[in-house]
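Hello! Here is the structure I promised to pass on to you. Have a look at it first, and then read my notes below.

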Amino acid sequence: MRTERLFSSLRALVPVFVFPMLILSCGKADSFIGREVIDFDSSWSFSLAEDGIDASAPSFDDSSWRILNLPHDWSIEMDFEEDSPTGTGGGALRGGLGWYRKTFRVPSSWKDHRVCIEFDGVYMNSTVFVNGQQVGNRPNGFVSFSYDITPYISFGKKNTIAVKVDNSLQPNLRWYSGSGIYRNVRLVVTNPSRIAYSGTFVSPQLLSSSEAKVTISTEVEGDSAGLIAKTSILDASGLVLATGEAPASEGKAEAVVSIQSPHLWSIGDPYLYTARTELLSGGKVIDVCDTPFGVRTIRFDDKEGFFLNGEHVVINGVCLHHDLGCLGSAVNTRALERQLEILRGMGCNAVRTSHNPPAPELLDLCDRMGFLVQDEAFDVWRKKKTAYDYSRFFGEWYRKDLEDFVKRDRNHPSVIMWSIGNEVLEQWTDAAADTLSLAEANLILNFGHAANTSDGGTHVNAVLTKTLADIVRGLDTTRPVTAGCNETGTYNHLFQSGALDVIGFNYHNGDIPSVGKNFPDKPFIVSESVSALMTRGYYRMPSDQMFVWPARWDIPFYEPSLSCSSYDNCHVPWGNTHEEELKVLRDNPFVSGQFIWTGFDYIGEPTPYGWPARSSYFGIVDLAGFPKDIYYLYKAEWTDETFIHLFPHWNWEEGQDVDMWCYYGGADEVELFVNGVSQGRSSKTADRLHAEWRVKYVPGKVEAAAYKDGKEIGRQTINTAGNPSQIRLTPDRANLNADGKDLSFVTVEILDKDGNICPWADNLVEFEVNGSAFIAGVDNGSPISMERFKDNKRHAFYGKCLVVLQNDGTVGDISLKATSEGLGSEVVPLASVNL
Ligand code: GAL
């Protein structure tokens, strides 16, 4: 078979690097003839470089450089620095300029082939050289791109690829970017005529419950004369259900096939089909490409909200930035999957990829796990929010970046809407943030624009909105276009353009009831909501006092705790509490749903604080992946599960008033006991979505008993913890796939001698790993910790920390040992296996 022949010749000619080969096409797995997809992540030489160094030439001496595997984020390896040019908004971790180089031998048998290199994302401003010649430059740090490097390659010889990554001009983003080739890279070897990069568009249309019509467009690169594109539809078991073909003579082919009694894709049953497209020349297959897709219908209604497959679904979504906590922005499928699993646990069904194109792996996971996605393109257009952001490149690149983004993502059933921008300053006529610091830029988005910023007539910004929406519609008419707007007035240029299919407000709950009047017939979504602030494990009493921080955008905010309370009593002035938002949605059923800012904490933007805070307080889940208490409010409101979550802990000053709260599901009311003495029953009301009590603290135990129809259905006990005395290690998985990438997230808890979690514990824990794994990162969820993410030790933060193990690609046993002074050691066995 052709594939085998190509690969064996490659192996024979590549003594230095054995490429792990993925048989993929268009980024998706299958088996076929005529296309080889080679994982190109391993063994790159890397160095941070001074400005001016040119490492593009093959002869450049990189022998002293570090060898590493991609995906790689060099910023996450650094120390936090107060004077980092990225500012605390960028996570106080430096950017800089780096070079990656890799030498690879190209077999002479590839001579008649086309060789392309695909980058899923490089932050930022990357320039690729092959054998010293510049192949291309791509400023946008979030888009995926491909270069045809055939003309630059020496066949049968050693070749050198060099990638310059310039993230030196700072700040260029309002949150942490990471730096480097932080997503996957692959080499794709095909015949000269091939299915283009992102070259298939599979568009299903449900005609009735018994039939779906699937239109398959195929773009062909190279000489397409006489070629046929033939597409087969496979069900999830691989059975061919239907086949259609069309001539590709003009570089494009369009075939229509139908699926009888289609199995619909939904949140609860995310069923995927595969469209296998073969390119035929004289009956011979010369390329093949698999495109997973799903059959589902979406409808946004101005009066009733969102419908999936005709059924009403409230979009219970969260916004996510792209970093993965202590792993930085270096993409890892398991880390993304864990995030989605945790979010699913609270009933979340949707993600907004704020504010940029995500890693393709995220969309693959959303397809497979049944999440809805608002796929967002930009945080800025022409007007800058930070000194060196994408606005510098927008004019030259917006069309290409937007087109590539839509073409890459339009086959995903999970993607239900496109956002062309977040809070772009083009909403107004007056807005310009050119002279602002990063912290100010983050704040001015929400404070202080002149009330009426319209200058009448059709403004250039409205024209630009329409231009961008039209680019999207030119490539996909099956999903609505929206934008996250924090100017809710009808004079907002984006609204004035008439080009948005769904009106999206960021915050401004007070304006929601007038949406129907101001935007007649337009469906509506809360594209961004809440922005409440919380530190896991920190409680500021009384719980009924509200902390609205910061008070002003132009005066630095400081409060000595550098913490925010976990009682849902702290939020930014443009936001509100979590409970408030749930009530607004409950009371306005025309709203399609919301995307809460944010699902997980992220690095950077530590509003309301400045240094030494360096990561966000907005998350429902902290940076280490530990749910904050508020997670259970969503579990109560968004799932049908029966549970009790009582908080806070039971270690206070004797005699102190303590506010106990409880989120619960499946019960009518909850009774609180302190050392066995009832403190009364409490329940949710129309106005309050939790039960609560104010009690005097006495050491011992506090208990919550939940009742349904008068019968006790569950009980939770929290004991006063004694002194730290032992460590508990809980891996989220004991067996890791030996692929060199799979991870185990190990929760580390500090316990007293009886096994109670010590809620105030901050003991330093040291880790030692033996066997087939290494430490990929450590964290504890503290937004102010100055400890490195890449280390073998971590202080606990309110009783917990995290160590992330990554298998090293070998099969074998793993042992993790955690040691802390005075607490002894704890060992947990894991294994790296072929799963
Ligand atoms: C919004 C913005 C987000 C984030 C958030 C913090 O205005 O869209 O990116 O900055 O505020 O509250």
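**A mostly covered helix**

Let's start with helix α3, residues 360–369, which is mostly covered: eight of its ten residues are buried. Please keep in mind that this is a predicted model.

Which residues of α3 are buried? They are P360, E361, L362, L363, L365, C366, D367 and M369. An α-helix has 3.6 residues a turn, so residues three or four places apart point the same way.

What do the buried residues of α3 pack against? Two helices are on the list, α2 (333–344) and α4 (391–409), together with the strands β25 (350–352), β26 (372–376) and β27 (415–422). Just after α3 comes G370, and its phi is positive, near 80°.

**A four-stranded sheet**

Next, please find the open sheet of four strands, in the order β17-β16-β19-β20, where the pairing is antiparallel. At the edges are β17 (240–247) and β20 (284–293), each of which pairs on one side only. From one strand to the next, the twist averages 20°.

If you would like to follow one pair in detail, try β16 (residues 227–234) with β17: the two pair in the antiparallel sense over seven bridges. One place to look is A229, whose bridge partner in β17 is A246.

**The second largest pocket**

How much space lies in the second largest pocket? The answer is about 660 Å³. Its lining is made up of 23 residues, and those nearest the centre of the pocket are D629, H645, H649, I757 and K800.

By type, the lining residues of this pocket divide into eleven nonpolar, eight polar and four charged. Strands β34 (643–647) and β40 (711–719) each supply at least two residues of the lining. The largest share, four residues, comes from β40.

**A glycine in a loop**

Finally, take a look at G537, in the loop between β30 (524–530) and β31 (547–548). Is G537 buried or exposed? G537 has a relative accessible area of 12%, and because buried means under 20%, G537 counts as buried.

Which residues does G537 touch, once its neighbours within four places in sequence are left aside? G537 is in contact with S566 and Y798. For a sense of scale, you could also pick out R114: G537 and R114 are 423 residues apart in sequence and 56 Å apart in space, C-alpha to C-alpha.

Enjoy exploring, and write back with any questions!

Best wishes

Conventions: Residues are numbered from 1 along each chain as its sequence is written. This is a predicted model: local features need pLDDT of at least 70, side-chain atom pairs count only at pLDDT 80 or more; totals for chains, interfaces and linings use all residues. Side-chain values use heavy atoms; hydrogens and water are left out. On a 1 Å grid over the protein atoms alone, a cavity is a set of points where a 1.4 Å probe fits but cannot get out, and a pocket is an open set with protein on both sides within 12 Å along at least five of seven lines; lining residues have an atom within 4 Å of a point. Grid points are joined across faces, edges and corners, and a volume is the space filled by probe spheres set on the points. Ala, Val, Leu, Ile, Met, Phe, Trp, Tyr, Cys and Pro count as nonpolar, Asp, Glu, Lys and Arg as charged, and the others, Gly among them, as polar. Buried means under 20% relative accessible area, exposed over 50%, partly exposed in between (1.4 Å probe, protein chains only). Contact means heavy atoms within 4.5 Å. Two strands pair if DSSP finds at least two bridges between them. Axes are lines fitted to C-alpha atoms, for helices over the stretch in contact, and angles run from 0 to 180 degrees between N-to-C directions.
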